[in-house]
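Here are some notes for a first look at this model. They cover its nonpolar cores and its aromatic side chains.

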Amino acid sequence: MSKKTMIVWFRKDLRLQDNMALYEAAKEDNVILVYIHAPDEEDMGMGSAESWWLHHSLKALQQELKTYHVPLILRKGPTQETLQRIIEETQADGIFFTKRYEPQISERDQQISNVLAEQGISVQTFHSNLLFTPGTVRNKQDNVYKVFTPFLKQARQQIVEKPVPKPKRINSKLPSDFVVGELEELGLLSDYPWSDKFNHYWTPGENGAYTKWKDFLLDAIEQYDDQRDIPSKEGVSKLSPHLAWGEISPRSIWYQSKEKLDMVSKEEGDRYKQIESYLRQVVWRDFAYHQLVSYPYVINQPLKDEFKAFPWLKNTEALDRWKSGMTGYPLIDAGMRELWETGWMHNRIRMITASFLVKHLLIHWLEGAAWFRDTLIDHDLANNTMGWQWVAGSGYDASPYFRVFNPILQGEKFDKDGEYVRKWIPEIADLPNKYIFSPWTAPEKVLTQLGIKLGQTYPEHIVDHKAARERALVAYYEMKEINSI
């Protein structure tokens, strides 16, 4: 029986644990591990912040593979041509890879698979980056769910495949003149002024993912439901960038969470509720992908057709103030500054800042989605798009458009002592709690004593909340009238 050489094509599955493509390929005689950087082929492009993460994640993967004495082949260029060249140079018999579901990527992958199959190259694809294959969680009419709660109920009745372990060994032999490639040649590190700061907040790679996960699973998951909306607390797992690049699989998270849940009886109501709440969020991530696959146009068009008539405003100055955290609303500005500094933003704050852009400023959600795409280290096309459509009211199971978050009341509710705002906006940190979310309401005497000059040391608020809310509702009803004609 002749020996076979198989290529494992890494993509957004930069891990060894529960990597089905790697696990199955490792059973073969010779395995070639490859990563190809082709940013122009990504739906909507790749952001600068996630490029930073990718660089360090690949570096971590290279280190992990050293324990197997196996190199990671790195290439930059058109995917199909690059793969074809590697196959010819290594005389590979087949290729294994994990499926991706973004529209442009999925279409490209199918084309590559068809071409290789015609050439007699074996192609095997695997599903291990979601809990359920998109399209398999369906209602009684065999349709895709548009509302999350029934989707969740149906999903919980289905079986999640168990994660597979790391391969025990990987046999890899390259031709003597084969060029492995250098990580720096991919050009992933941008010259953005904030990229070096990320090192203080994050540890990309599989080991970093599991360290963060184990810390969260040990304790914080049992307070998750109570603390997940409080941005000053370490109440969320912060696994989103690790999940985005597949450094940890949702199946591993699912089963380890379930193991902990099984140790808690339903009589321990509060502890049980906390863990269940976290599992709900893991399924929500799947829901975003099920919608993306069913409605691929969602990345740049509203799911609800009526929103095509919404009277969005073009306001470059307001957009820039929002991006830079200079709206004069402290909770909004704190979130945007946290994003710029760390490449991440707390989920509750993401909702509030997004709502402010589309409802207080009437700026198109696509502008916000593009900014998040470039600045989030955890950017994920399905979840970013669904989040913005949810806030804008244009998605299925979305927040009603007439629900306009009040950034002052949201601050008072979720940042009671102003701890989060004070951390990110030091210029107003000395304001008493009663004024911290609305500095313009502070008496001039208080502002003067603290050396705060609105419009100079901190900006005046960009819009009045009440007036902005009324304007948003007028725009909404204007859209409804247009659609009724």
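1. Please keep in mind that this is a predicted model. Start with Y278, which has a relative accessible area of 5%. Y278 therefore falls under the 20% limit and counts as buried. F216, at 4% relative accessibility, is buried too.

2. Those two residues, F216 and Y278, make an aromatic pair with ring centres 4.9 Å apart and planes at 50 degrees. The pair counts as tilted because that angle is neither under 30 degrees nor over 60. F216 belongs to helix α6 (residues 206–218) and Y278 to helix α10 (residues 269–294). With their positions 62 residues apart, the pair links distant parts of the chain. The structure holds 29 aromatic pairs.

3. Which residues have the most contacts inside the largest nonpolar core? They are F10, L33, Y35, L58, W213 and Y278, in a core of 82 residues. Helix α10 supplies the largest share of this core, with 10 residues. Another core, of 55 residues, lies apart from it and includes I332, W365, I436 and Y476.

4. F10 deserves a separate look. Leaving out residues up to four places away in sequence, F10 touches R15, N19, L22, L33, V34, Y35, L61 and L72.

5. One aromatic cluster is made up of W52, W53, F198, W202 and W344.

6. Two charged side chains sit over tryptophan rings. The charged end of R11 is over the ring of W9, 4.3 Å from its centre. For K12, the ring is that of W245, and the charged end is 4.7 Å from its centre.

How values were computed
Residues are numbered from 1 along each chain as its sequence is written. This is a predicted model: local features need pLDDT of at least 70, side-chain atom pairs count only at pLDDT 80 or more; totals for chains, interfaces and linings use all residues. Side-chain values use heavy atoms; hydrogens and water are left out. Rings of Phe, Tyr and Trp (its six-membered ring) pair if their centres lie within 6.5 Å; planes under 30 degrees apart count as stacked, over 60 as edge-to-face and the rest as tilted. Helices (H or I, at least four residues) and strands (E, at least two) are DSSP runs, numbered from the N terminus. Buried means under 20% relative accessible area, exposed over 50%, partly exposed in between (1.4 Å probe, protein chains only). A charge sits over a ring if NZ of Lys or CZ of Arg is within 6 Å of the ring centre and within 35 degrees of the ring normal. A nonpolar core is a set of buried Ala, Val, Leu, Ile, Met, Phe, Trp, Tyr and Cys residues joined through side-chain atoms within 4.5 Å. Contact means heavy atoms within 4.5 Å.
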